[in-house]
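Please take a moment to look over the structure shown here, which is a predicted model. The paragraphs after it are meant for a reader who is meeting it afresh.

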Amino acid sequence: MSALLPTYQRHDIELIEGSGSFVTDTKGQSYLDFTMGIAVCNTGHRHPFVQQRVTEQLGKLWHTSNLFISSKQERVAELLTKDSHLSHVFFCNSGTEANEGAFKLIRKWTQKTEILTFSQSFHGRTFAMMGATGQEKIKDGFGSMVPDFKHLTFNDFESLDMISEQTAAVWLEVIQGEGGVIPAEHEWLQALMEQTKKYDVKVVVDEVQTGIGRTGSRYAFEQTPLKPDIITVAKGLGSGFPVGALITTAEAATVFTPGTHGSTFGGNPLAMTAAEATLELLLPDEQMQQVQNKGKYLMAQLSELPGTMVREVRGRGLMIGIECHQAVAPLIQALQQTGLLVVSAGPNVIRLLPSLFVTESELDLAIEKIKSVCQQEVMM
Ligand SMILES: Cc1ncc(COP(=O)(O)O)c(C=O)c1O
C-alpha cells in the first residue's frame with residue numbers, strides 16, 4: 001500500500017532519467033515527452049546550460065533568506081521586466097503562491113473586494129485560488145470559499161457589462177490551460193481592456209502556464225491588446241526548479257512595502273540561477289520566432305487528423321489542444337504505448353506541451369504517432 005495521500009491518479013510509469021525531449025522509465029523504455037512536467041521544462045529536460053549554471057551555484061551557496069540583498073534576484077527581475085511597462089517583481093515558489101500574492105496586492109491596492117474571473121479558469125488550490133478558479137470540481141467538499149470572486153463567461157462580450165466601479169480586478173488566463181486550451185479572442189480582450197479602463201479596474205493576467213515563451217513570446221499577453229497591472233508566472237521559469245513570480249508596475253511599490261508580504265524560500269540563489277539561465281536561453285527573439293514557427297507547423301499537421309475524431313485543434317506557439325469528440329484518457333494511454341507522453345486538459349482535450357527546443361524531427365515523430373493512434377481508433 002502506498003504511504004502517499006491519493007491526491008493524484010498516476011500512470012503506472014516511473015520516469016527516472018531525462019535529456020532534451022526524451023525521458024526514460026525504470027524499465028528502460030524511452031518516451032518522447034510532450035508534457036514537459038505540465039509546461040515546466042520549457043528548455044527540455046536537463047538543458048546543459050541550465051545544468052552547468054545550477055551545478056556551479058550548488059558548489060557556492062544554496063540559501064540565504066531575503067534579509068540580504070540579492071543581485072541574482074535583481075538580474076532575474078530585470079530579464080522579466082525588460083522593455084515592459086511592468087517593472088517590479090516579487091519572487092515565490094509556485095504559481096498558486098504568485099497568485100496569492102497578486103490577490104493580496106489587489107486587495108490592498110484597490111481597497112475593494114470584488115474580483116471577476118472566468119468559467120473554466122484555473123488559478124490554484126489554496127482557499128483564495130479555489131475561489132478564483134471557475135471550476136466547481138476544484139471546490140467540491142471544501143465548504144465556503146473566500147467571498148467576492150464572481151465568474152463570468154469566457155470570450156462572452158455581454159459578461160463584460162459586469163465590470164463596474166465596485167470591481168477591484170478582472171483576472172484571466174490568455175489561453176485557459178487546465179480548462180481545455182481555450183484562447184481568449186482578440187476583440188473580446190480589446191473590449192475587456194476598454195471596460196476596465198473606463199472603471200479604473202486592475203487587470204491580472206495569470207501567465208503561470210502560458211508564460212516564459214510557451215506561446216512564442218515572453219508572455220502570452222504580449223500578443224494581445226491587454227496591458228495588465230499584474231502578471232503571475234511559475235512553471236517554465238526554472239526549467240524544473242520550483243520558482244514563481246508576481247510581476248507588476250512601479251505603482252505597486254507604494255502598496256507592498258516592508259512587512260506586507262514575504263516568503264522564506266522565494267528568490268533563493270538556486271532558484272534564481274535556474275531562472276536566469278532559463279530566461280537567457282529562451283527570451284532571444286530568434287528563439288521566440290522558432291517557437292511560433294514550430295507551433296504553426298504542428299497545428300498545420302494536426303489539422304489533417306480525421307474530423308470524425310477531432311472537433312478542433314487550437315492554441316498558440318507550443319501550447320496546443322486537440323479537442324476530440326470522445327474522452328481522451330484511452331487515447332493518452334494508447335499514445336504512451338507508442339512512446340509518446342501527452343497530458344489531458346479536461347475530459348476531451350489532449351494537450352501538447354513539448355520542449356521549446358523540440359526539433360522538427362521530434363515534432364514529426366509525435367505527429368506520426370498521434371496520426372497512427374487516431375487512425376486505429378477510427379477503424380475500431
Ligand atoms: C494558469 C495556472 N495558474 C495557476 C496554477 C497553479 O500553479 P502551481 O501548481 O505551480 O501552484 C496552474 C497550474 O496548473 C495554472 O495552470
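What follows goes through two helix pairs and one loop residue in turn.

A good place to begin is with helix α2, residues 48–58, and helix α8, residues 269–282, whose axes come within 9 Å and cross at roughly 155°. Because angles over 145 degrees count as roughly antiparallel, α2 is roughly antiparallel to α8, and the crossing of these helices is right-handed. On the α2 side the contact involves Phe-49, Val-50, Arg-53, Val-54, Gln-57 and Leu-58, while the residues they meet in α8 include Pro-269, Leu-270, Thr-273 and Leu-281. Sorted by class, the residues of this contact comprise 9 nonpolar, 3 polar and 3 charged.

The next pair is formed by helix α10, residues 329–338, and helix α11, residues 360–379, with axes that come within 10 Å and cross at roughly 125°. That angle makes α10 oblique to α11, and this crossing, too, is right-handed. Leu-331, Ala-334, Leu-335 and Thr-338 of α10 make the contact with Lys-369, Ile-370, Val-373 and Glu-377 of α11, a set that divides into 5 nonpolar, 1 polar and 2 charged residues.

Turning from helices to a loop, one finds Thr-35 between β3 (30–33) and α1 (36–39). Thr-35 has a relative accessible area of 15% and is therefore buried, since buried means under 20%. The side chain of Thr-35 is joined to that of Asp-33 by a polar contact of 2.6 Å, and, leaving aside residues up to four places away in sequence, Thr-35 touches Leu-341, Val-342, Val-343 and Leu-353.

Terms used
Residues are numbered from 1 along each chain as its sequence is written. This is a predicted model: local features need pLDDT of at least 70, side-chain atom pairs count only at pLDDT 80 or more; totals for chains, interfaces and linings use all residues. Side-chain values use heavy atoms; hydrogens and water are left out. Axes are lines fitted to C-alpha atoms, for helices over the stretch in contact, and angles run from 0 to 180 degrees between N-to-C directions. Helices (H or I, at least four residues) and strands (E, at least two) are DSSP runs, numbered from the N terminus. Angles under 35 degrees count as roughly parallel, over 145 as roughly antiparallel, 65 to 115 as roughly perpendicular and the rest as oblique. A crossing is left-handed if the near helix is turned anticlockwise from the far one by less than a right angle, and right-handed if clockwise. Contact means heavy atoms within 4.5 Å. Ala, Val, Leu, Ile, Met, Phe, Trp, Tyr, Cys and Pro count as nonpolar, Asp, Glu, Lys and Arg as charged, and the others, Gly among them, as polar. Buried means under 20% relative accessible area, exposed over 50%, partly exposed in between (1.4 Å probe, protein chains only). A polar contact is a pair of N or O atoms within 3.5 Å; within protein, one must be able to donate a hydrogen and the other to accept it, and residues adjacent in sequence count only if both atoms are side-chain atoms.
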